[in-house]
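Please look through the sequence and the 3D structure below before reading on. The paragraphs after it go through the structure part by part.

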Amino acid sequence: MLIKNPVYIIQDILKNLVTKGETVVDATCGNGYDTVFLAQLTGENGNVFAFDIQEQAIRQTKERVEKAGVQDSVTLILEGHQHMDRFVKGPIACAMFNLGFLPGSDHKIQTNWPDTVSAINKALNLLKQGGVVTVIIYYGKDTGYVERDEVLSFLAQLDTKKYNVLKLDYLNRTNDPPIPILIEKNE
Ligand SMILES: C[S@@+](CC[C@H](N)C(=O)[O-])C[C@H]1O[C@@H](n2cnc3c(N)ncnc32)[C@H](O)[C@@H]1O
C-alpha cells in the first residue's frame, strides 16, 4: 500500500528525483531503513550522510547498511542534525527528516523543535535547485505537539519565490495522524 504509510509516499517521490552519484542526507537515521533506501538510489558513487544522536540508532543503521551491501557510500555520524553543515558539503539532492522517537527505544529521546528548525534551515541552504527536503511529523498522546506547531509555522513562512512547500493531510484518520511534507527549492 502506498498511502497508508507516509514513508512510502515520500520514498516514492524521491525515487523520481534522486539520481546516481548524488549527495543526500538522512537527518534522523533511526533504524536505518531510509539510509539504505537513499544509498540504493545514489549508488556506489553517491554519498549518503546519516545523522542520529543515539549510539543504538547508528549501530542499527550500520548493521542494516552492511547487510544491504551499500556501506561504501554511507557516512554515519553520531551527532545532531543541527550540525550537518560541519560534515556535509552541498549541493545535496535531498534531505529526509522523520521526526519523533526511535521505535522500540526510549521515547523521551526525541527530536525537538529548535534543533529541527535549525537543521531544516541548514538542509535548505545545502539543497540544490530542484532538490527536495522531506519531513514527516510524528506526534501524539503527550508528545510532539509543540514541535509540530513550530515546524509548521516555520515552513509556512518560507519565501514563496524560493520554495514550494506541500503538506499532506490524512483527512479521515483520527488519533494524530503523521504529517508528510515536501519542500522543493525553485530552479
Ligand atoms: C522516527 S525516528 C527515525 C526513523 C528512521 N528514519 C528509520 O528509517 O528507522 C527519529 C530519530 O531521530 C533521532 N534524533 C532525535 N534528535 C535528533 C537530532 N537532533 N539529530 C539527529 N537525530 C535526532 C532519534 O534518536 C530517532 O532515532
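Which atom of Y33 lies 3.4 Å from an oxygen atom of the ligand? It is a polar atom of the Y33 backbone. Keep in mind that this is a predicted model, and every distance given here is computed from it.

The ligand also has polar contacts with side chains. A polar side-chain atom of D34 is 3.1 Å from a nitrogen atom of the ligand. For N98, a polar side-chain atom and a nitrogen atom of the ligand are 3.4 Å apart. The protein covers 95% of the accessible area that the ligand has on its own, which is 610 Å². In total, 21 residues surround the ligand. The closest of these are T28, N31, D52, Q54 and H81.

Now turn to the helices, starting with α1, which consists of residues 6-15. N5 caps the N-terminal end of this helix. In the cap, a side-chain oxygen of N5 lies 2.9 Å from the backbone nitrogen of V7. Several residues of α1 are buried, namely P6, V7, I9, I10, Q11 and L14. What do the buried residues of α1 pack against? They pack against helix α2 (33-42) and against the strands β4, β5 and β7.

Helix α2 contains L38. Is L38 buried or exposed? Its relative accessible area is 0%, and a residue counts as buried under 20%, so L38 is buried. Leaving out residues up to four places away in sequence, L38 touches L14, V24, V25, D26, V48, C94 and M96. One of these contacts, M96, is 58 residues from L38 along the chain. Even so, the C-alpha atoms of L38 and M96 are separated by 9.3 Å.

Helix α5 has 12 residues, 145-156, and its length can be checked with simple arithmetic. The expected span is 1.5 Å times one less than the number of residues, which means 16 Å for α5. The C-alpha atoms at the two ends are 16 Å apart, and this agrees.

Which residues of α5 are buried? They are E147, V151, F154 and L155. These buried residues cover an arc of only 95° around the axis, so they are on the same side of α5. An α-helix has 3.6 residues a turn, and therefore residues three or four places apart point the same way. On the other side of α5, V146 and A156 are exposed. The cover over the buried residues of α5 includes helix α4 (113-126) and the strands β5 (127-137), β6 (163-167) and β7 (179-185).

The loops hold some backbone details. P91 is in the loop between β3 (74-78) and β4 (92-98). The peptide bond from G90 to P91 is cis, with omega near -5°.

The loop between β6 and β7 contains N175. D176 lies in the loop between β6 and β7 as well. N175 is not a glycine, yet it has a positive phi of about 60°. D176 is not a glycine either, and its phi is positive too, at about 50°. How exposed is each of them? N175 has a relative accessible area of 71%, so it is exposed. D176, at 27% relative accessibility, counts as partly exposed.

Notes:
Residues numbered from 1 in each chain as written. Predicted model: local features only at pLDDT ≥ 70, side-chain atom pairs only at ≥ 80, totals over all residues. Heavy atoms only, no water. Helix = DSSP H or I, 4+ residues; strand = E, 2+ residues; numbered from the N terminus. Buried < 20%, exposed > 50% of the residue type's maximum accessible area, 1.4 Å probe, protein only. Arc of directions from axis to C-beta. Contact = heavy atoms within 4.5 Å. Near = heavy atom within 4 Å. Polar contact = N/O pair within 3.5 Å; in protein donor to acceptor, adjacent residues only side chain to side chain. Areas by Shrake-Rupley, 256 points an atom, 1.4 Å probe, with all protein chains shown as cover.
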